[in-house]
Amino acid sequence: MNLIQNSAIKTLSAAMRSVRAEKSIPYNFGEKHLDYIRRCRDCTVNVAEGAVRAGKTVDNIFAFCKELQNTNDKLHLATASTLGNAKLIIGDCNGFGIEHYFKNQCRWGKYKGNEALIINGASTNFKTRIVIFSGGMLESSFKSIRGNSYGMWIATEINLHADSFIKEAFNRTIAADKRKIFWDLNPDNPKAKIYTEYIDRYRNDSINGKFIGGYNYGHFTIDDNINIPEQRREEIRSQYDTSSVWYKRDILGIRIAADGIIFRGFADDPERYITDSVDAEKITSINIGIDFGGNKSKTVFVATAFLDGFKSLAVVGEHKIRGEKGEVDPQQISDEFISFVKKLYGRFSSHLIKYVWADNENQAVINGLRYACTNARLGVKIMDCRKAPCNERIAALTSLMAQDRFSVLRECTGVIGSLSEQIWDPKITDRDVRLDDGTCDIDTADALEYSFSKFIKIILAEGKVKNEQ
């Protein structure tokens with residue numbers, strides 16, 4: 001057998017492996033999704049919007065990978081709010097991501113210092129195609145892609161990208177041989193910039209014949225995803241408060257402005273969540289959140305307990321330091337915090353109370369608090385809190401309430417009052433911002449959220465497990 005025959009056999013074998021790899025992924029698209037994917041072939045900008053678990057991201061990944069097979073451009077861009085999310089949602093996508101589409105033909109690595117998926121195999125006619133992964137959430141994120149030239153750009157959760165990043169990404173694809181954009185998002189505030197500056201403007205220009213290159217928009221809900229059985233849809237719906245803005249956006253797929261009371265379900269029926277006692281034997285751990293006071297705000301401690309692992313969250317203690325600006329010094333904070341912890345020790349086993357999550361913007365007070373706790377021989381470790389985005393914290397708490405996985409001791413009147421009165425800022429109409437003008441107790445809200453913010457992903461995952469049992 002000569003060298004030419006050997007080469008041909010190797011090429012055919014690689015091509016067959018490529019086909020087997022693609023067919024091994026259980027793609028199953030409904031007709032609505034297929035129509036969207038077909039339109040991607042002829043359109044420069046492609047936007048899939050709608051509810052969670054609707055199949056939007058998989059549609060775009062599939063269409064992106066198809067185009068990647070015959071593009072002449074070497075470099076391409078894949079983004080999410082963070083680099084980690086980009087690799088997880090677009091790269092892996094629970095078995096439907098780019099790395100699985102090009103199974104046995106790609107590898108993760110670095111390209112010019114960037115996180116990348118490097119593809120070379122029969123599917124790309126043995127031409128190297130590199131997908132650079134990046135996060136776009138921060139206003140400074142655009143610096144990570146500046147100076148590069150990309151062919152196609154696929155982005156998930158595009159509404160969580162900074163506008164400066166979006167503009168830079170567009171600029172980086174101007175010289176592409178095959179310039180294609182693939183976006184997906186859950187519905188947001190209808191006046192959000194992602195609509196007014198991009199999506200709705202493109203739609204209007206397309207209708208008026210002014211959008212050159214083709215604009216493709218698809219709207220989907222979980223009812224359009226033929227891979228999700230009705231029982232699973234009900235499980236997903238059960239994780240939301242039907243009165244919340246997230247239910248209307250994530251489940252109904254509706255663009256809606258956040259207004260009025262944030263925790264409507266709690267405010268309407270607080271007794272549903274208030275309890276007179278917590279079973280100490282079910283407590284896995286107790287965490288304390290601290291929000292330090294400023295000009296008009298108060299310093300607040302809130303203790304929450306995880307029950308049966310991370311199955312539920314209970315507020316078991318609170319304390320607010322009284323005093324105006326200039327009247328509260330670090331020593332008072334340390335003294336009252338030590339007293340607060342000792343009271344918790346008297347009610348619960350001290351080994352359960354190990355971590356304190358403090359507002360990381362006041363390092364001087366934190367260091368003083370650590371020193372004071374060490375001298376008082378308290379077995380707590382004071383850490384900088386994970387300041388998850390405010391709306392992420394609110395959404396997690398709303399989900400816990402909807403699943404009856406949240407409770408608060410009746411004596412914690414500060415937390416009860418705060419949850420009942422928090423509202424969306426009516427003066428900010430293009431994004432969701434909690435009102436913080438002194439009329440609502442946001443200090444207590446922050447302390448409560450800091451106590452569990454580090455564990456949001458674990459808490460929400462536990463809820464999914466519970467529903468599947």
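I looked up how H14 and H15 lie to each other and found them roughly perpendicular (65 to 115 degrees), because their axes pack at an angle of about 105°. The axes, lines fitted to C-alpha atoms over the stretch in contact, with angles from 0 to 180 degrees between N-to-C directions, are 9 Å apart. H14 covers residues 413-421 and H15 residues 442-453; helices are DSSP runs of H or I, at least four residues, and strands are E runs of at least two.

The model is predicted: local features need pLDDT of at least 70, side-chain atom pairs pLDDT 80 or more, while totals for chains, interfaces and linings use all residues. Residues are numbered from 1 along each chain, and side-chain values use heavy atoms, without hydrogens and water.

I listed the contacts (heavy atoms within 4.5 Å): Gly414, Val415, Ser418 and Leu419 of H14 meet Thr444, Ala445 and Leu448 of H15. By class, that contact has four nonpolar, three polar (Gly counts here) and no charged residues.

Next I turned to H12, residues 363-375. Its end C-alpha atoms are 18 Å apart, which agrees with the 18 Å expected for 13 residues at 1.5 Å a residue (times one less than the number of residues).

Which residues of H12 are buried (under 20% relative accessible area, 1.4 Å probe, protein chains only)? I noted Val365, Ile366, Leu369, Ala372 and Cys373. Their directions from axis to C-beta fall within an arc of 125°, so they line one face of the helix. They pack against strands E10, E13 and E14 and helix H11. The face turned away carries Ala364, Tyr371 and Thr374, which are exposed (over 50%).

Technical notes:
Parallel < 35°, antiparallel > 145°, perpendicular 65-115°, else oblique.
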